[in-house]
Amino acid sequence: MKKFLHAKKGMALVIVLTMSLFLLVLAGSYIRENSYSRPINERHFERAQADFLGQGIVQLAAMKFKKRPAEFYYAYRAMRAGLGDASLRAYLNEDTTLNGIFSDQHNSRYQFSTQMQLITNQRYQTDGIRIIVTVEQLSEAGQVLLTRIQEHILEAVRRPL
Amino acid sequence: MRRFYRPLNNGFSLIEIIFSVLILAGTMIPIAGMMGYGFEGTKRDQRQITAIQLCQSRLNQAMSVSFDALVNSNTTIASGGQVLLTLGDVTQGNTSYNVSLQVVNRPVSYRYAPVDVNSPGYLVDTPSTWVFQAPILLDINDNAAKTATIIVSWIDHGKQQSVELSTIKANLQL
């Protein structure tokens with residue numbers, strides 16, 4: 001038994017095999033760490049695309065208000081007066097320019113929707129039109145992977161009729 | 001006397017050394033290859049991040065260009081001696097990137113429900129007197145909006161790579 005414990009033949013192979021196993025584990029963990037960076041790059045790109053899309057839709061919403069401000073005021077005030085939101089939905093939710101789907105170069109889909117709110121200041125006869133665009137990146141199965149929100153406030157000065 | 005007798009079998013034999021070196025070489029060479037691959041992957045990701053950042057900065061510049069000046073271009077857009085948008089070849093690090101702008105006309109169609117101001121009993125300050133008509137569409141096909149896309153391309157190990165970001169510019173002067 002003592003002779004067996006003191007035996008040293010073949011120890012070199014055991015040592016080298018242990019070291020090799022340790023090095024392989026190190027290399028494997030290094031490769032796994034490296035594989036995380038590619039998904040991070042894609043998230044960075046998708047977030048940037050969602051932000052730019054949101055900014056663009058804000059511009060389209062601002063142009064709609066500029067072309068048809070009265071219709072927005074009527075719809076919003078009717079909704080606030082408790083007369084239903086059908087006209088406001090027609091102005092915002094059912095507008096396919098302000099709500100829809102966009103695809104980027106990788107065929108990733110982004111769903112965008114627009115809301116507008118009226119912030120009234122009676123004392124100074126000014127209104128703030130708050131435009132909120134929500135952009136959601138969708139997976140192939142339709143799950144939301146990323147949500148970005150762009151907000152902009154337009155100032156409108158009221159003139160007496 | 002027997003107690004002090006020790007068999008002379010300490011140390012490593014030549015065969016053990018040879019096999020150990022062979023096993024170590026067989027392990028280290030692929031690991032060195034994988035480390036090199038990982039390093040190359042890091043450099044590739046760095047180039048992609050640089051391209052995305054370049055794309056972002058150029059698209060931000062494009063958003064501030066006037067609606068009429070936003071046109072397809074591979075060269076810098078300038079007006080009145082002032083550079084509005086820098087395009088063309090850009091070198092960052094050891095990589096040369098080509099930045100170009102693609103612009104496509106985007107028709108818009110706005111939906112709304114008009115109010116019949118000629119209806120009897122209509123009062124401008126009384127919502128209950130308002131009569132909303134059926135929703136209609138306001139179509140503007142030309143000169144309403146443009147989809148601007150910045151394309152950054154570069155060569156990576158003989159293959160062309162590219163990154164594109166798009167946004168929409170509305171003609172707020174319309």
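What pattern does chain A follow when read along the sequence? In this predicted model, the answer is α-α-α-α-α-β-β-β-β. Put as totals, the secondary structure of chain A comes to five helices and four strands. Before we walk further in, a word on confidence: the model scores ipTM 0.82 and pTM 0.81, and chain B averages a pLDDT of 89, with 94% of the residues scoring at least 70.

Let's stay with chain A for a moment. It has 161 residues, and buried residues make up 39% of them. Its contacts can also be sorted by distance along the sequence: among those between residues at least 6 apart, 50% join residues at least 24 apart.

Now to the interior. In soluble globular proteins, nonpolar side chains tend to be buried together. Here the largest nonpolar core has 37 residues. The residues with the most contacts inside this core are Leu53(A), Leu60(A), Phe65(A), Phe72(A), Met116(A), Ile131(A) and, from the other chain, Val108(B). Helix H3 of chain A, residues 37-67, gives the most to this core, with nine residues. There is also a second, separate core of 25 residues, and among its members are Ala48(A), Val99(B), Val152(B) and Trp154(B).

Met116(A) is a good place to pause in the largest core. Leaving aside residues up to four places away in sequence, Met116(A) touches Phe65(A) and Phe72(A), along with Ala61(A), Tyr76(A), Tyr91(A), Leu92(A), Ile129(A), Arg130(A) and Ile131(A). Of these partners, Phe65(A), Phe72(A) and Ile131(A) also appear in the list of core residues with the most contacts.

Helix H3 of chain A holds a charged residue worth a look, too: Lys64(A). Is Lys64(A) buried or exposed? Lys64(A) counts as buried because its relative accessibility is 1%, and the cut-off for buried is under 20%. Its neighbours come from both chains: beyond residues up to four places away in sequence, Lys64(A) touches Ala90(A), Tyr91(A), Asp95(A) and Leu98(A), as well as Tyr110(B) and Arg111(B). Tyr91(A) is thus a partner of Lys64(A) and also of Met116(A).

If you are thinking about cavities and surfaces, turn next to the largest pocket, whose volume is about 780 Å³. Its lining has 22 residues, and those that lie nearest its centre are Tyr73(A), Arg77(A), Asp127(A), Arg158(A) and Arg159(A). By type, the lining divides into 13 nonpolar, three polar and six charged residues. Which elements supply at least two residues each? In chain A these are helix H4 (69-80), strand E2 (109-121) and strand E4 (144-157). H4(A) gives the most, with seven residues.

Over in chain B, Leu101(B) lies in strand E4, residues 95-112. Leu101(B) counts as buried because its relative accessibility is 4%. Past residues up to four places away in sequence, Leu101(B) touches Leu70(B), Val71(B), Asn72(B), Ser73(B), Ile77(B), Leu85(B), Leu87(B), Ala148(B), Thr149(B) and Ile150(B). For a sense of scale, the C-alpha atoms of Leu101(B) and Tyr122(B), 21 residues apart along the chain, are separated by 51 Å.

Thr50(B) offers another distance to compare. This residue sits in helix H1 of chain B, residues 14-64, and it counts as buried because its relative accessibility is 17%. Thr50(B) touches Gln92(B) and Tyr97(B), not counting residues up to four places away in sequence. From Thr50(B) to Asp142(B) there are 92 residues in sequence and 36 Å in space, C-alpha to C-alpha.

Finally, a stop at the backbone. Most residues other than glycine have a negative phi, and most peptide bonds are trans. Asn107(A) has a positive phi of about 60° although it is not a glycine. Asn107(A) is placed in the loop between strand E1 (100-103) and E2 of chain A, and it counts as exposed because its relative accessibility is 64%. In chain B, Asn143(B) also has a positive phi, near 65°. Asn143(B) is found in strand E5, residues 136-156, and is partly exposed, with a relative accessible area of 39%.

Technical notes:
Residues are numbered from 1 along each chain as its sequence is written. Chains are lettered from A and ligands numbered from 1 in the order in which they are written. This is a predicted model: local features need pLDDT of at least 70, side-chain atom pairs count only at pLDDT 80 or more; totals for chains, interfaces and linings use all residues. Side-chain values use heavy atoms; hydrogens and water are left out. On a 1 Å grid over the protein atoms alone, a cavity is a set of points where a 1.4 Å probe fits but cannot get out, and a pocket is an open set with protein on both sides within 12 Å along at least five of seven lines; lining residues have an atom within 4 Å of a point. Grid points are joined across faces, edges and corners, and a volume is the space filled by probe spheres set on the points. Ala, Val, Leu, Ile, Met, Phe, Trp, Tyr, Cys and Pro count as nonpolar, Asp, Glu, Lys and Arg as charged, and the others, Gly among them, as polar. pLDDT is the predictor's confidence in each residue, from 0 to 100. A nonpolar core is a set of buried Ala, Val, Leu, Ile, Met, Phe, Trp, Tyr and Cys residues joined through side-chain atoms within 4.5 Å. Buried means under 20% relative accessible area, exposed over 50%, partly exposed in between (1.4 Å probe, protein chains only). Contact means heavy atoms within 4.5 Å.
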